[in-house]
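Please open the model in a viewer and keep the sequence panel at hand. The tour proceeds by selections, each followed by a description of what is found there.

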Amino acid sequence: MCCVFIRSLRRILMQKNLGRLDKIARLSLGSILLSLAAAGIIGVWGWLGLISLFTGIIGVCPLYSLLGISSCPVSKKSEQ
């Protein structure tokens, strides 16, 4: 039963749910935060830009998945 739960949770959390604009925003924000943190301009919290950068690269936001949000464009085949 546990394995079934883990597989279904993995399937839900790993579906692409970031659209192009959302990915660009996350990659930009993550890069800026990391650059500022590495330069010592902002505090340690700037390293949280790693999360933004990582989600932008893989195209999946676990929080979006849990809340049922998606910025991916819906294909016409899935609407039918």
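In this tour, a residue is called buried when its relative accessible area is under 20%, and exposed when that value is over 50%. The model under study is predicted.

**The whole chain**

Begin with the entire protein chain in a cartoon representation. The chain contains five helices and zero strands, and its elements run α-α-α-α-α from the N terminus on. Of its 80 residues, 24% are buried. If a surface is now displayed, about 6100 Å² is exposed, and carbon and sulfur atoms supply 71% of that area. Among contacts with a separation of 6 or more, 66% are accounted for by residues 24 or more positions apart.

**Helix α2: Arg26 and Asp22**

Select Arg26 and Asp22 and show their side chains. Both Arg26 and Asp22 are buried. What joins the side chains of Arg26 and Asp22? They meet in a salt bridge, with an N to O distance of 3.2 Å. A search of the whole structure finds one salt bridge. Side chains of opposite charge can pair when their charged atoms come close. Because Arg26 and Asp22 are four residues apart in helix α2, about one helical turn separates them.

**From Arg26 to Thr55**

Keep Arg26 displayed and add Thr55, which is found in helix α3 (residues 49-58). The side chains of Thr55 and Arg26 are joined by a polar contact of 3.1 Å. Is Thr55 buried or exposed? With a relative accessible area of 7%, Thr55 falls below the cut-off and is therefore buried. To view its surroundings, select Leu18, Arg26, Val60, Cys61 and Pro62; these are the residues in contact with Thr55 once its neighbours within four places in sequence are left aside.

**The two sides of α3**

Extend the selection to helix α3 as a whole. Which residues of α3 are buried? They are Gly49, Ser52, Thr55 and Gly56. Turn the view to look down the axis of α3: the buried residues fall within an arc of 130°, so they line one face of the helix. An α-helix has 3.6 residues a turn, so residues three or four places apart point the same way. The buried residues of α3 pack against α2 (20-39) and α4. Now select Ile51, Phe54 and Ile57, which are exposed on the other side of α3. Past the helix, stop at Gly59: this residue follows α3 and has a positive phi, near 80°.

**Helix α4 and a nonpolar patch**

Continue to Leu67, which has its place in helix α4 (residues 62-67). The relative accessible area of Leu67 is 57%, which means that Leu67 is exposed. Add Leu63, Leu66 and Ile69 to the selection. Together with Leu67, these residues form a nonpolar patch on the surface, with about 420 Å² of accessible area in total.

**The loop before α2**

For the last stop, select Met14, in the loop between α1 (2-13) and α2. Met14 has a relative accessible area of 52% and is therefore exposed. Then select Ser65 and display the C-alpha atoms of both residues. Met14 and Ser65 are 51 residues apart along the chain, and their C-alpha atoms are separated by 8.1 Å.

Note on methods:
Residues numbered from 1 in each chain as written. Predicted model: local features only at pLDDT ≥ 70, side-chain atom pairs only at ≥ 80, totals over all residues. Heavy atoms only, no water. Patch = residues over 30% accessible without salt bridge, like charges linked within 9 Å, V, L, I, M, F, W, Y side chains within 5 Å. Areas by Shrake-Rupley, 256 points an atom, 1.4 Å probe, with all protein chains shown as cover. Salt bridge = Lys/Arg side-chain N within 4 Å of Asp/Glu carboxyl O. Helix = DSSP H or I, 4+ residues; strand = E, 2+ residues; numbered from the N terminus. Buried < 20%, exposed > 50% of the residue type's maximum accessible area, 1.4 Å probe, protein only. Polar contact = N/O pair within 3.5 Å; in protein donor to acceptor, adjacent residues only side chain to side chain. Contact = heavy atoms within 4.5 Å. Arc of directions from axis to C-beta.
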